[in-house]
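This report concerns salt bridges and helix packing in one protein chain. The sequence and structure follow.

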Amino acid sequence: MAAVIARNVSKDGFQATPLERVWLVRSSTVTMPMPNVYRPQLCLVVQGQKQVTLGDRVFRYQPGRYGIVTYDLPATGQVVEATPDKPYLCLYLDFDPVMLGELTLRVPPPPGTPFAPIGKTVSDADAGLLDAAIRLLRLLDDPAAMPVLGPLAEQEILYRLLAGPAGARMRHITSSQGRVAQVGRAIAWIQQNFRERFSIERLAAEVGMSPSSLHEHFRSVTAMTPLQFQKQLRLQEARSLMLVQDIDATTAAIYVGYESPTQFSREYRRHFGEPPARDIARLRASPNLAVVA
């Protein structure tokens, strides 16, 4: 798998592929912790190592380990093992909700005990999942077969995930019922309205839950409170604005909903480790350190 990915990525960073929903990642160096909003997807590391922090949880990826995300979640990823001779290499597959929904109706739920419904987990890939993944990757070297065999390999990957240890979590992606689905609606609401001030009571009313129930279930899914979730979205958006659009910290703070530039600077430094101007200067000076893992 590493050989196929290496042939198809020309530089460090994320790279789209001719296969819809498939992305490849390469990093020839370790990176600084980079916050990002991870969407529902599979991440399979094939070389090097990375770790992802979600709230107070830390997930470690090694070759042959995969992670799934079942909701849009703000988390921090960092490549922790990579060299120019042996770079970090990774396969991402965004989940197709239509294909996943159809499979969910045909694949029985896996047996097992109840689990905390956190929206991210990391597991060891079994032989069946690895076999399906390598066949998907090999299609990058066989463009004529890609339109026919690509959907079949993708479908098998989803089947392996549904039938595996993460199967129960996978089903939450297409579920519209229950507390976890209500939390999913709360996540979507915050993403759309993160610049606005809101109370837990208002958010609970928006999704039809009691404030105490929302707080409990939201934390179990995201490893953070709704207000912590909002803060991470605000800070990530502000950092992106300063880096990409070259706007100053005060303007970015106001744009994402902060009323006090001083509070913004304080929370930014606590989250990213540096004041805004120094952090952005460091990212621009060493772009390889900013690869999103």
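Arg-284 and Asp-246 form a salt bridge through their side chains, with an N to O distance of 3.2 Å; the term denotes a side-chain nitrogen of Lys or Arg within 4 Å of a carboxyl oxygen of Asp or Glu. Because Arg-284 belongs to helix H12 and Asp-246 to the loop between H9 and helix H10 (249-255), the pair ties together parts that are 38 residues apart in sequence. Helices here are DSSP runs (H or I, at least four residues), numbered from the N terminus. Arg-284 is partly exposed at 42% relative accessibility, and Asp-246 is exposed at 58%. In these terms, buried means under 20% relative accessible area, exposed over 50%, and partly exposed in between (1.4 Å probe, protein chains only).

The model is predicted: local features need pLDDT of at least 70, side-chain atom pairs count only at pLDDT 80 or more, and totals for chains, interfaces and linings use all residues. Residues are numbered from 1 along each chain as its sequence is written, and side-chain values use heavy atoms, with hydrogens and water left out.

Helix H12 (residues 276-285) also holds Asp-279, whose partner Arg-239 lies in helix H9, so this pair ties together parts 40 residues apart in sequence. The closest N and O atoms of their salt bridge are 2.8 Å apart. Asp-279 is buried, with a relative accessible area of 0%, and Arg-239 is buried as well, at 5%.

A further salt bridge joins Glu-237 and Arg-195. This pair links distant parts of the chain, 42 residues apart: Glu-237 is in helix H9 (residues 226-244), and Arg-195 is in the loop between helix H6 (178-193) and helix H7 (200-207).

The relative accessible areas of this last pair, with two residues from the pairs above, are tabulated here.

| Residue | Relative accessible area | Class |
|---|---|---|
| Glu-237 | 25% | partly exposed |
| Arg-195 | 32% | partly exposed |
| Asp-279 | 0% | buried |
| Arg-239 | 5% | buried |

Across the whole structure, a search finds 19 salt bridges. Glu-20, Arg-21, Asp-96 and Glu-154 are linked in a network of them. Asp-96 also appears at the start of H2, where one of its side-chain oxygens reaches to within 3.0 Å of the backbone nitrogen of Val-98.

Which residues of helix H2 (residues 97-106) are buried? They are Met-99, Leu-100, Gly-101, Leu-103 and Thr-104. These buried residues pack against helix H4 (146-163) and helix H5 (167-171), contact being defined as heavy atoms within 4.5 Å.

Key:
Helices (H or I, at least four residues) and strands (E, at least two) are DSSP runs, numbered from the N terminus. A polar contact is a pair of N or O atoms within 3.5 Å; within protein, one must be able to donate a hydrogen and the other to accept it, and residues adjacent in sequence count only if both atoms are side-chain atoms.
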